[in-house]
Structure formats: structure tokens, C-alpha cells
Amino acid sequence: MYKEVYKGEYDGVAVGRVVRNQNFTTSISYYHNEYQIQYIFDGERYFFSDGTCYRMVPGTITIIDKTKIPKTNIIGGSSHDRLLIEIKESFISPLCALLGIDIKEFFGSHHGVYQVSDNPCIQETVARIEELAMGKRDETTSGKIKLAVMEMFLRASEWEDNKIGKFDEIGIQPHIEKQRKVHQVADYIAENYDRIESVSALANQFYMSKAYLCRIFREVTNFTISEYINLYRIAASKQFLMKEEMSMAEIANRLGYDSLTYFERVFKKQMTVTPLQYRKSIVSKETRSK
């Protein structure tokens, strides 16, 4: 059973509550560009991040840094009832700045699971968000929800000592081992994206068949291996494109592409413009700023 209790978007902050009574695994897409906060009302989930598993139980709040999403998964227990808050940085940064909150630093340092069931302020804040999300919406609702989220940030010092430690993984070992293998491969790709010759060579590097590696990598990350390699290559290419002395062919070669045409096609697919158009836009911005 899957039941959506409520769901709404409030000027850059999305709030939703879901009740689910079936097993599942969620890979949070790399392209998901929001910070996340999850609160568990009932049931349990398992938060797998950076090779370690943590248990999410009633009364826990989970802070998810969007920069760590490529290596973060949530393994569902048999049932759960959870609140999910998704925060778009561009929408909420001005309010954070007014309150002296560095949103990048907050999520970077607090990424993890915390027990807050004994914290009345957090419980009150969660209840207020619930009331606002389920009540009649008016012109003040978005602002009130944003302020409630800000209150969570400001009160972090009250619960940051209650971080959940590593969970005994025996009961979900098959899930964990598969994800550990994939994260090892993902780490290798991050460090060697420009030197990987083929998916077959990568599979041999980790003593797996190509078919098995491709299957589990897609299950855990929501990406094919080629897509994941290209994410890192295109990210690096943007730095090279800022160096006008480097030719397109030289950049393609530095990234590990055998074909300039293929590099240009992959770049445009991800960035919606060609590498040359991207370089010209950078030069134009620099000229206007002088």
C-alpha cells in the first residue's frame, strides 16, 4: 500500500507525507538538485551513505546534503510513515543569509540521522509544518513553512549531539554488500574518469562480469556506468573550457574521449549548449564584468 497524505510546493520548499507498507529501495538521483530533510513518524528505513548504514526510526530526523546524493540511498523497511521536505537552494538562500545561516555549511556538516523524539521544539516545528501543509492555503502559507524550516536550522545545536551511530547491518546484508560494491566502483570512476577505457575494463578491474556490474550499478545509482562517467567528464570539461588556449580536441582528449564529435554530443545533451557556445558565454560574462 502507498498512501500520499499530502503534498505541496511552497515557493522553493516542497513538503509531502507518505505512508508505505512495502519493501523498497530508493536511489536519490544525482540530478536531484534539492537539499532534503526526512522525519519518521512510524516504521523504519535504512539510510546508506558513504559506505555506512544508519537506521531511521520513529522520532529521527535525517539531513541529506545534495552534494552527497550520488552516494546516498534509502533502503525501506517493511513499512514507514515519513515527512519529506525538499529545499531549493536558490529560493531559500536569501532568507538564510538574513538569518546568518550558511545553507551549504549546514547540510554539509549535518548530513546524517539524528534522534529528536525528546526535543519538544523540533516536535513542535514538525507539527506546525504538518498543520500548515494540511490546512487551507493562503498568501502567508509559503512564508510560514519557510520560517518553520529556518527554525530547524537555528535549533540544530540542540540535537546535533544525538547523531545515530552505525547500524548493525546483518538483517539487510544483501542490500548493503551490493551497494558497497557499487560505491567502490563510483569512487573509482570519480578519481579515474579520464582513464577508463571501457565498461568491460572497469568490470575486470573489480572482478565482476560486465552484465552484473551494469545491472547493480543501475539499480543503486539510477545511472548507467557510461552516464556516470560522463557526469564527471562534463563537470571537468567546464573548467577546461575556461582556458581559451585549450582547443576542443585537446579538451576531449584530456577527458578520455576518443572522438571530438562524441564529446560535443554528450556535452550538449547535459548542458543544452555546445562546448563552444558554453565557452563563448563564459567569455561574454567576463567581458561584461570588467
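Q: Which residue just after helix 10 takes a positive phi?
A: In this predicted model, Thr272 takes a positive phi of about 70° just after helix 10. Thr272 is a residue other than glycine, and it is found in the loop between helix 10 and helix 11 (275–289).

Q: Is Thr272 buried or exposed?
A: A residue counts as exposed when its relative accessible area is over 50%. Thr272 has 62% relative accessibility, so it is exposed.

Q: How does the span of helix 10 agree with its 12 residues?
A: At 1.5 Å a residue, helix 10 (residues 260–271) should span 16 Å, and its end C-alpha atoms are indeed 16 Å apart.

Q: Which residues of helix 10 are buried, and where do they fall around the axis?
A: An α-helix has 3.6 residues a turn, so residues three or four places apart point the same way. In helix 10, the buried residues are Phe263, Val266 and Phe267. Viewed down the axis, the buried residues of helix 10 fall within an arc of 100° and therefore line one face. The face turned away from that buried side carries exposed Thr261, Arg265 and Lys269.

Q: Which residue caps the N-terminal end of helix 10?
A: Ser259 does so: one of its side-chain oxygens lies 3.2 Å from the backbone nitrogen of Thr261.

Q: Where is the place of Asp11, and what is its phi?
A: Asp11 belongs to the loop between strand 1 (2–9) and strand 2 (13–20). Its phi is positive, about 55°, although Asp11 is not a glycine. With 40% relative accessibility, Asp11 counts as partly exposed.

Note on methods: Residues numbered from 1 in each chain as written. Predicted model: local features only at pLDDT ≥ 70, side-chain atom pairs only at ≥ 80, totals over all residues. Heavy atoms only, no water. Helix = DSSP H or I, 4+ residues; strand = E, 2+ residues; numbered from the N terminus. Expected span 1.5 Å × (residues − 1). Buried < 20%, exposed > 50% of the residue type's maximum accessible area, 1.4 Å probe, protein only. Arc of directions from axis to C-beta. Polar contact = N/O pair within 3.5 Å; in protein donor to acceptor, adjacent residues only side chain to side chain.
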